[in-house]
Amino acid sequence: MKKGDIVNFENYICSLKDRLSRYFDLQEGFEFEGMEFDLYAKSFVRNEKYILSKRFTIYGFENNEYCLIKCAEQVDDDAIDAFIDRIKSAVDRFIIPHEEHMSSIVTGVLVVGHTPGRQLINKVKKFKFHKGFAFGFKGWADIRLILVDLSTGEVVTNKKGRDVEKFYRIKE
């Protein structure tokens, strides 16, 4: 998007697709547990240490990320709760802990056209989710919750989401 472009859902999603496509596999119109998401992105990164040949692996570990992006003209308390419920259930559905699983992040991005109330913004900021698998021996999972307000350009995140807040800003 260039400065002066009208920022609407379609422009923003196109911009996100362009940025995410370098690192993620993308799927548009993704349905999960009865909720339609405008964009679903997943990334799997595997690192290994080996000797002599790749057949002799000393150790390996995996880091995964799943992004669920939904657009809504405006949201209320029930809509945010339903969105958060889907993101939480994605942890159990998408992540398969095993010996080489190190970490997974589920990023839930809610793009809105009108500024939500202060109570909903605070709910996003205070949201926390961390889950360990087998006392951490099979890795862990975290959730990033991000709210993008297209009318003001503001990006609100929970604590884990601050790492990627800049990525989800509206580019000029």
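## The lining of the largest cavity

In this predicted model, the residues that line the largest cavity fall into a single class, since the lining has eight nonpolar residues, no polar residues and no charged residues. These lining residues are Ile80, Phe83, Ile84, Leu110, Val124, Leu145, Ile146 and Leu147.

Two elements each supply at least two residues of this lining, namely helix H2, which spans residues 77–94, and strand E6, which spans residues 140–149.

## The space inside

Rolling a probe the size of a water molecule over the atoms shows where empty space is left. In this structure, the count comes to one cavity of 30 Å³ or more, and the space in the largest cavity is about 30 Å³.

## How helix H2 meets helix H3

Helix H2 also takes part in a contact with helix H3, which is made up of residues 118–126, and the axes of the two helices come within 10 Å and cross at roughly 15°. Because angles under 35 degrees count as roughly parallel, H2 is described as roughly parallel to H3. The crossing of these two helices is right-handed.

On the H2 side, the contact is made by Asp77, Ile80 and Asp81, while H3 contributes Gln119, Leu120, Lys123 and Val124. By class, the residues of this contact divide into three nonpolar, one polar and three charged.

## Residues with two roles

Ile80 and Val124 both appear in the lining of the largest cavity, and they also belong to the contact between the helices, with Ile80 on H2 and Val124 on H3.

How values were computed. Residues are numbered from 1 along each chain as its sequence is written. This is a predicted model: local features need pLDDT of at least 70, side-chain atom pairs count only at pLDDT 80 or more; totals for chains, interfaces and linings use all residues. Side-chain values use heavy atoms; hydrogens and water are left out. On a 1 Å grid over the protein atoms alone, a cavity is a set of points where a 1.4 Å probe fits but cannot get out, and a pocket is an open set with protein on both sides within 12 Å along at least five of seven lines; lining residues have an atom within 4 Å of a point. Grid points are joined across faces, edges and corners, and a volume is the space filled by probe spheres set on the points. Helices (H or I, at least four residues) and strands (E, at least two) are DSSP runs, numbered from the N terminus. Ala, Val, Leu, Ile, Met, Phe, Trp, Tyr, Cys and Pro count as nonpolar, Asp, Glu, Lys and Arg as charged, and the others, Gly among them, as polar. Axes are lines fitted to C-alpha atoms, for helices over the stretch in contact, and angles run from 0 to 180 degrees between N-to-C directions. Angles under 35 degrees count as roughly parallel, over 145 as roughly antiparallel, 65 to 115 as roughly perpendicular and the rest as oblique. A crossing is left-handed if the near helix is turned anticlockwise from the far one by less than a right angle, and right-handed if clockwise. Contact means heavy atoms within 4.5 Å.
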